[in-house]
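Colleague: I've just pulled this model up and would like to go through how it's put together. Can you take my questions one at a time?

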Amino acid sequence: MPYLRICICPIMIHVSISVEQAEFLPACSSRNFLICVPSTHAAAVVRDLAMSTNKGGGGGKKEVKKETKLGMAYKKDDNFGEWYSEVVVNSEMIEYYDISGCYILRPWAMEIWELLKEFFDAEIKKLKLKPYYFPLFVTENVLQKEKDHIEGFAPEVAWVTKSGKSDLEAPIAIRPTSETVMYPYFSKWIRSHRDLPLKCNQWCNVVRWEFSNPTPFIRSREFLWQEGHTVFATKEEADEEVLQILELYRRIYEEFLAVPVSKGRKSEMEKFAGGLYTTSVEAFIPNTGRGIQGATSHCLGQNFAKMFDITFENEKGERSMVWQNSWAYTTRSIGVMVMTHGDDKGLVLPPKVAPIQVIVIPVPFKDADTTGIKGACESAVYTLNQAGIRADLDARENYSPGWKYSQWEMKGVPLRIEIGPKDLANKQVRIVRRDNGTKVDIPSTDLVEQVRVLLDGFQANLLETAKAKRDACIVIISTWDEFIAALNDKKLILAPWCDEEEVEKDVKARTKGELGAAKTLCTPFDQPDLPSGTVCFASGKPAQKWSFWGRSY
Ligand code: 87F
């Protein structure tokens, strides 16, 4: 018996598992160590070990039979938190890192981010936004300029205090957002009305040292975003842009990520304290019954203009204060998409953001014409690529078709094309949908047309299904008792509200508990009728508006 050693993952003890001896020992027979790895890595390690053991021995067919089953240990409805971690890791979007709250974004995530960026960047360029890059660091002095607003955020600011072994002369903050980094230079660059509007956008990372429950994409200590910062001569121009950007955010969520969102305005309590008003797109996760802010577009008014002395000489030769906006969306959007569409087999990707939209898998059988099948697969991929469809071939010979099906399902690829001997003979391909598992055989001559129809249908179906699920969670209430019942039932609550800050504070206090307090998510722009005489569910005062309430991320 070789020396055996079983290790427990020191970082994630709760995801360490034991692997069945029958499966594990043969795979490691040629080695003198055993590793017990987190469940999220077990399949891959066992697979690799099995492959290395099989190398050079026996026929290919037998090797394939020994492969480890891929699969998800957790179900979405049984343990949502573990299910989510498993999906993002098994789909190869995320690798955990040894600093809590920091994650490695692998190509499967970065390619989605790049597709979103491609759309958004082209749209904001139409609005005449210019690309900038400002430094990652900011001095304490400059950061303090915004001290009234930064006060609440201060614990989240990360500082660099040393270079090598020596202390820096003064600590330097890592940007949590770039107002204080940029605005001193806006003040310098803007002199006259001819310098306006100034429209700046940067794609970058920011760091916020969060302490509550880190979750890949959703709440991480470093994340990627775009931050737009614009400066206008008039409030009207600023107001107009706030909504133009909000509409782009809605399109990212609904048209690309197939996630339904509500556009609306944040309450005074929930808005960015440094600004005049905040608009947002809000999504909802039915499994946890929590709302989640998808992106924000703020009108900053003239607050920062005063703080940073950003003024211009108008046409009449007078000094005027500028009007400013800022807006951002982040890699959190990818997490919202995963939570919305994923299922018990793993990720489900909307075609518009899928790095691979169609995976082509040869299905050789016994003595069938393997070369012919491979040729048909290559030709299908080529034809689809030529038509602008992101298709790829999985020609790996050390995996069975079934294993490949599971892996690509786990990665959420919308369509799978299988080509076997029968398909080759009939000049057809079999297409299988990831969302509902339906299979169709189509003539090879119709490939591009049919794939386009299927991808469009897939994209539309995801949004429709998600919208139906979200809508089924919306409850319109009118009394406090109904509010509490709906909250306990994980609903998205639409309630008549008096719009008073004290009342929102009171609701927060009264609903405080282990799961977190309820708060306003937004006041949707799309307002149902509010008959006169309607009263606030919490205060009994006359209601001013309908607002969404709930627990949130
Ligand atoms: C965390 C630490 C320090 C949010 C923070 O939403 C400062 C902040 O200012 C902070 N978390 N914020 C508000 C960010 C406002 C605004 N910035 C530009 C945006 C959009 C992009």
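What follows is a short back-and-forth about sheets, cores and a few backbone details.

Modeller: Before we start, this is a predicted model, where local features need pLDDT of at least 70, side-chain atom pairs count only at pLDDT 80 or more, and totals for chains, interfaces and linings use all residues. Residues are numbered from 1 along each chain as its sequence is written, and side-chain values use heavy atoms, with hydrogens and water left out.

Colleague: Let's begin with the five-strand sheet: in what order do its strands come?

Modeller: Strands here are DSSP runs of E with at least two residues, helices are H or I runs of at least four, and both are numbered from the N terminus. Two strands count as paired if DSSP finds at least two bridges between them. On that basis the sheet is open and mixed in its pairing, with the order 16-15-17-18-19.

Colleague: Which strands sit at its edges?

Modeller: Look for strands that pair on one side only. Those are strand 16 (391-393) and strand 19 (439-443).

Colleague: And which residue stands opposite V432?

Modeller: Strand 18 (residues 428-433) pairs with strand 19 in the antiparallel sense, over five bridges. In strand 19, the residue opposite V432 is K439.

Colleague: What angle does helix 15 make with strand 18?

Modeller: Axes are lines fitted to C-alpha atoms, for helices over the stretch in contact, and angles run from 0 to 180 degrees between N-to-C directions. Helix 15 (residues 447-473) packs on the sheet and touches strand 15, strand 17, strand 18 and strand 19, where a contact is heavy atoms within 4.5 Å. Its direction and that of strand 18 make about 5 degrees.

Colleague: How does helix 12 run relative to strand 16?

Modeller: Helix 12 (residues 370-386) lies across strand 15 (358-362), strand 16 and strand 17 (415-419). Relative to strand 16, it runs at about 160 degrees.

Colleague: Now strand 23: is it buried or exposed?

Modeller: Buried means under 20% relative accessible area, exposed over 50%, and partly exposed in between (1.4 Å probe, protein chains only). Eight of the eight residues of strand 23 (residues 545-552) fall under that cut-off, so the rest of the structure largely encloses this strand. The verdict for strand 23 is buried.

Colleague: Which residue stands opposite T520 in strand 23?

Modeller: Strand 23 has several partners: strand 11 (residues 290-301) runs parallel to it with two bridges, while strand 21 (residues 492-497) runs antiparallel with five. Strand 22 also pairs with strand 23, antiparallel, over three bridges. T520 has as its opposite number W549.

Colleague: What is the relative accessible area of T523?

Modeller: T523 lies in strand 22 (residues 519-524). Leaving aside residues up to four places away in sequence, it touches K263, G264, R265, K545, W546 and S547. T523 is buried, and its relative accessible area is 11%.

Colleague: On to the hydrophobics: which helix gives the largest share of the largest nonpolar core?

Modeller: A nonpolar core is a set of buried Ala, Val, Leu, Ile, Met, Phe, Trp, Tyr and Cys residues joined through side-chain atoms within 4.5 Å. The largest one has 59 residues, and M93, F120, Y329 and M337 have the most contacts inside it. The largest share, eight residues, comes from helix 5 (residues 107-126).

Colleague: Why does that core lie between two domains, and which are they?

Modeller: Domain bounds come from an automatic or database domain assignment. Both domains give residues to this core, so it lies between domain 1 (94-341) and domain 2 (358-456).

Colleague: Which peptide bond is cis, with omega near -5 degrees?

Modeller: Check the loop between helix 8 (179-189) and strand 7 (198-207), where P197 lies. The cis bond runs from L196 to P197.

Colleague: Last one: F217 has a positive phi, so is it buried or exposed?

Modeller: F217 is in the loop between strand 7 and strand 8 (222-232), and its phi is about 70 degrees although it is not a glycine. K128 also has a positive phi of about 70 degrees, but at 61% relative accessibility K128 counts as exposed. At 4% relative accessibility, F217 counts as buried.
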